[in-house]
Amino acid sequence: MQRIIVVFLLFVSSTLFAQIKRNANITNDELLYHVSFLASDSLKGRQPGTVQDKIAAKYIRDEFREYGLTLLGKKGYQFFSFKNFNPEFEKGTSLTINGERLQLGRDFSAPTVNGSDSLCAKAIFIGKGDNVSFYEKVKVRRKWVVIYYPLDQKYEYLNPKPIEIAKNQGAAGIIVVSNDTLSKYLDIDFQTLPNLPLFILSPDASAKLLAPIGQSSEIAQKITENSITPQPLEMTVCGKVAKLYNSIETQNVVAMLRGSDPNYANEYIVIGAHYDHLGLGETGGSRYPGQLAIHNGADDNASGVVAMLEIAQKLASEPKKIKRNIVFVAFGAEEKGLIGSQRFVDSALIPIENIKAMINLDMVGRLRNRELEVHGAKTSLEADSILNKLNSDSLFHLKLVPDGFGPSDHASFYSKNIPVFFIHTGLHEDYHTPNDDVALLNIEGMQQVASYTYRLAFELSTMQKPLTFTKSSTRSLSSSRTPKIKVKLGIMPDVSASSDDGLKVIGVTKGKPAEIAGIQEGDLIIAINQKSIKNIYDYTEALSTLAPGTKVTVKVVRDKNEMVFTVEL
């Protein structure tokens with residue numbers, strides 16, 4: 001049935017395209033045709049792993065083949081899989097103590113990765129459980145082992161030792177208790193977890209479970225004094241954990257235009273754009289959470305894909321002029337965390353050390369006031385002058401951003417010391433909402449951006465010497481060291497700002513703390529709780545220190561005037 005759907009949609013597409021004359025130049029008609037198909041309702045938001053995801057990939061692959069490009073990988077595909085949060089996890093996970101059902105998220109967390117069978121059994125309190133000696137006088141086989149997590153532990157991650165010991169002693173399930181909010185803020189190294197149901201209880205739920213042997217404060221004191229002994233709890237606990245992640249199969253689409261100069265036969269320029277989007281918003285990422293609707297992603301990022309297609313078609317029409325090999329990649333699963341581009345740079349499809357530059361097209365469909373952002377301007381010594389030279393006619397008001405890191409696929413290449421260019425026409429209120437539709441695109445602006453990017457690609461592929469890589473910044477939004485944030489202000493920040501004079505608010509979500517307090521689109525945040533905010537990094541650092549329910553002062557600049565708002569998080 002899936003194959004029939006794929007064939008039918010592509011047949012309709014090719015039939016309609018027959019009415020448009022193919023043109024080697026970058027044209028408005030072809031841009032509009034391609035983007036109308038990729039961002040159509042029939043593709044249902046191009047969620048990775050779906051039939052529609054495969055249709056979009058095949059459409060792009062067939063276009064590459066039509067241009068005469070050499071298909072790489074497996075007939076143009078680079079397949080990969082990744083784990084994605086199971087949307088049915090909450091429904092399939094339960095925990096009851098003596099018949100009282102606890103609430104996931106409020107009373108407990110359940111970090112078991114592969115899920116578990118239902119288990120109803122008695123519970124045995126073991127104390128800290130970090131030594132086999134705790135088990136000398138109790139039998140825990142086919143029972144719940146209850147482990148106390150002391151406040152004096154200095155682990156950032158849940159200590160795996162007592163959990164491993166409990167498993168080896170025959171425990172059927174494990175419950176971690178404490179009088180701290182471990183279930184919300186303690187990191188889990190999932191690679192250390194056993195294939196058993198595992199629950200981490202909140203302080204209130206911990207107190208209920210431990211009630212037969214005393215109050216939490218008393219138990220904590222005895223734990224500290226090593227004066228408590230393992231003992232049964234007169235409680236029947238029933239628990240089941242659903243599978244936390246689903247395995248998603250998707251693909252990159254990869255093709256190459258071979259260079260004509262043998263002196264550059266081992267050098268490559270990569271031009272990429274991600275083709276996936278959010279589907280119906282059912283697995284997260286939507287700015288309208290809870291509203292199931294097709295997120296067509298016309299700007300994000302059907303626009304970048306069709307610009308890449310038109311650039312590929314034009315470059316392929318003049319192969320003898322191209323010196324270096326040009327590899328075109330439509331990345332999958334970008335919205336899930338740059339997964340497709342990371343898989344590409346980690347693979348041996350082409351030698352990563354031979355990639356001399358990467359151009360990333362992401363959201364190029366909303367050109368306004370001729371303002372074009374190009375990130376990565378300081379990732380090579382030559383980038384700034386090249387970008388300005390190509391804009392000698394002043395068609396664009398160029399906004400050159402130095403950083404090579406950022407929330408799109410170019411970051412995967414920059415992390416491998418490759419000069420990057422991220423072409424972008426800016427965020428907008430329809431970003432990651434069902435309103436990102438074709439009707440709102442600036443097709444003529446897309447044509448201008450694609451033509452500019454074509455000239456950049458041509459320059460990079462024909463220049464005598466490759467770019468000289470430079471480090472633009474040591475900061476990275478995608479770093480594993482990014483602070484953990486427990487609160488949301490309810491704004492869309494301008495992550496692309498090239499200066500350090502504050503953080504511009506380019507969108508405000510209705511009903512959220514910022515909007516309620518009076519913060520408006522266009523405000524420039526310069527301080528939170530008197531802490532200076534110069535950029536997105538300062539902003540995330542400030543939020544990481546805040547907890548839900550607190551009030552903070554936010555200082556902004558509006559129309560050259562400083563204003564202070566009190567925001568309740």
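Let me begin at the surface: the protein chain exposes about 25700 Å², and carbon and sulfur atoms supply 49% of that area, where accessible areas come from the Shrake-Rupley method with a 1.4 Å probe and, for residues, only the protein chains shown count as cover. Before going on, I should say that this is a predicted model, in which local features need pLDDT of at least 70 and side-chain atom pairs count only at pLDDT 80 or more, while totals for chains, interfaces and linings use all residues. Residues are numbered from 1 along each chain as its sequence is written, and side-chain values use heavy atoms, with hydrogens and water left out.

Now to the chain as a whole. A compact globule of 569 residues would have a radius of gyration near 25 Å, and the 27 Å of the protein chain agrees with that; the radius is taken over C-alpha atoms, and the globule rule is 2.2 Å times the number of residues to the power 0.38. Along its principal axes the C-alpha trace spans about 80 × 60 × 45 Å. Of the 569 residues, 54% count as buried, and here buried means under 20% relative accessible area, exposed means over 50%, and partly exposed lies in between, with a 1.4 Å probe and protein chains only. If we take contacts (heavy atoms within 4.5 Å) between residues at least 6 apart in sequence, 77% of them join residues at least 24 apart.

The chain has 15 helices and 23 strands; helices (H or I, at least four residues) and strands (E, at least two) are DSSP runs, numbered from the N terminus. I will also speak of pairing, and two strands pair if DSSP finds at least two bridges between them.

Consider the open sheet of eight strands, which follow the order E4-E3-E10-E6-E7-E8-E9-E5 with mixed pairing. E4 and strand E5 (108-109) stand at the edges with a single partner strand each, so one side of each is left without a neighbour in the sheet. For E5, strand E9 (residues 198-201) pairs with it in the antiparallel sense over two bridges, and the bridge partner of Phe 108 in E9 is Leu 201. Strand E10 (residues 231-240) runs antiparallel to E3, to which four bridges join it, and E10 also pairs with strand E6 (residues 119-127) in the antiparallel sense over seven bridges. One bridge partner in E10 is Thr 236, which faces Lys 122.

Thr 236 comes up again when we look at Asn 98, which sits in the loop between strand E3 (94-97) and strand E4 (100-101). Which residues does Asn 98 touch, not counting residues up to four places away in sequence? They are Glu 234, Met 235 and Thr 236. Asn 98 counts as partly exposed because its relative accessibility is 48%.

Next, please find the hairpin that E22 and E23 form, with two residues between them, where Asp 559 in the turn has a positive phi of about 50°. Eight bridges join strand E22 to strand E23 (residues 561-568), and the two run antiparallel. In a regular strand the side chains alternate between the two faces of the sheet. Along strand E22 (residues 551-558), Val 552, Val 554, Val 556 and Arg 558 point to one face and are buried, while Lys 551, Thr 553, Lys 555 and Val 557 point to the other and are not. On E22, Val 557 is the bridge partner of Leu 524, and strand E20 (residues 524-528) pairs with E22 in the antiparallel sense over four bridges.

E20 also helps to cover a helix. Is helix H15 (residues 536-544) largely enclosed or open, and why? H15 is largely enclosed by the rest of the structure, because seven of its nine residues are buried. These buried residues pack against strand E18 (491-493), strand E19 (503-508), E20 and strand E21 (531-532).

Finally, some details of the backbone. Most residues other than glycine have a negative phi, and most peptide bonds are trans. The peptide bond from Asp 300 to Asn 301, however, is cis, with omega near 0°, and Asn 301 lies in helix H9 (residues 298-316). Ser 394, although not a glycine, has a positive phi of about 55°, and at 46% relative accessibility Ser 394 counts as partly exposed. His 432 has a positive phi too, near 55°, but at 7% relative accessibility His 432 counts as buried.
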